[in-house]
Amino acid sequence: MGKITSHIGNTLYQVEIQSDSGNRVVADEPHELGGGNAGFSPDELLRAALAACTSATLRMYADRKGWDLQGVNLELDFVWDKDLSKTTIRREIHISGNLDDAQRERLLAIANLCPIHKVLSNPIEIITNLR
């Protein structure tokens, strides 16, 4: 996996993010949190990663099986329960195409196997160094 770099300057909360492959995205906080709303907020980026991974994983699986998957639409909501110190991501998957019940159930199981779902569902260790 490639490296991600980021930079924040003097513009409040606006972060420029770049991948090793040259892709760029801007993250920012919404106006109500003092940002300029110039890009996805950090929690939106997290949900976007899960949405993108889930969608691509379902597309790849259906294509390999030759299934008539016409489209995948996702809605993700993020809830932080401070008292329980628990994060819940609610993911609704809307699938269109000529698919039977068994295929739809298999796609649900496959959604839970996407790499980002696995990362978010398992213990994560973050090692931080200050230079």
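**Starting from a salt bridge on helix 1**

R59 and D63 sit together in helix 1, 4 residues apart, or about one turn of the helix. Before we go any further, keep in mind that what you have in front of you is a predicted model. Back to the pair: R59 and D63 form a salt bridge, with their closest N and O atoms 3.0 Å apart. Are the two partners buried or exposed? Neither, as it turns out: R59 counts as partly exposed because its relative accessibility is 31%, and D63 falls into that class too, at 46%.

The structure holds 2 salt bridges, so where is the other one? Look at D43 and R47, whose side chains meet with an N to O distance of 2.7 Å. This pair is also in helix 1, and since D43 and R47 are 4 residues apart there, about one helical turn separates them. Here the two ends don't share a class. D43 is partly exposed at 30% relative accessibility, while R47 has a relative accessible area of 17% and counts as buried because the cut-off is under 20%.

Now zoom out to the fold. The chain has 3 helices and 5 strands, and if you walk along the sequence they come in the order β-β-β-α-β-β-α-α. How does the overall size compare with a compact globule of 131 residues? Such a globule would have a radius of gyration near 14 Å, but this chain has 18 Å. Along the principal axes, the C-alpha atoms fill a box of roughly 55 × 40 × 30 Å. Of the 131 residues, 24% count as buried. The accessible surface comes to about 9800 Å², and carbon and sulfur atoms own 51% of that. As for contacts, take those with a sequence separation of 6 or more: residues 24 or more positions apart account for 34% of them.

What about the inside? In soluble globular proteins, nonpolar side chains tend to be buried together. In this model the largest nonpolar core has 10 residues: L58, Y61, A62, W67, L69, I95, L99, L107, I110 and A111. Helix 1 (42–65) and helix 2 (101–111) are the elements that give two or more residues to this core. A62 makes a handy spot to zoom in on: setting aside neighbours within four places in sequence, A62 is in contact with W67 and L69. There's also a second, separate core of 6 residues, and L50, L74, L76 and C114 are among them.

Not every nonpolar side chain ends up in a core, though. L46, V119, L120, I124 and I126 make a nonpolar surface patch of about 460 Å². L46 takes us back to helix 1, and with a relative accessibility of 33% this leucine counts as partly exposed.

Last stop: the end of the chain. L130 is found in the segment after helix 3 (115–121). Is L130 buried or exposed? It's exposed, because its relative accessibility is 86% and the class begins over 50%. To get a feel for the distances involved, pick R91 as a second point: L130 and R91 are 39 residues apart in sequence, and their C-alpha atoms are 35 Å apart in space.

Note on methods: Residues are numbered from 1 along each chain as its sequence is written. This is a predicted model: local features need pLDDT of at least 70, side-chain atom pairs count only at pLDDT 80 or more; totals for chains, interfaces and linings use all residues. Side-chain values use heavy atoms; hydrogens and water are left out. A nonpolar core is a set of buried Ala, Val, Leu, Ile, Met, Phe, Trp, Tyr and Cys residues joined through side-chain atoms within 4.5 Å. Buried means under 20% relative accessible area, exposed over 50%, partly exposed in between (1.4 Å probe, protein chains only). Contact means heavy atoms within 4.5 Å. Patches are made of residues with over 30% relative accessible area and no salt bridge: like charges are joined within 9 Å, nonpolar side chains (Val, Leu, Ile, Met, Phe, Trp, Tyr) within 5 Å. Accessible areas come from the Shrake-Rupley method with a 1.4 Å probe; for residues, only the protein chains shown count as cover. A salt bridge is a side-chain nitrogen of Lys or Arg within 4 Å of a carboxyl oxygen of Asp or Glu. The radius of gyration is taken over C-alpha atoms; the globule rule is 2.2 Å times the number of residues to the power 0.38.
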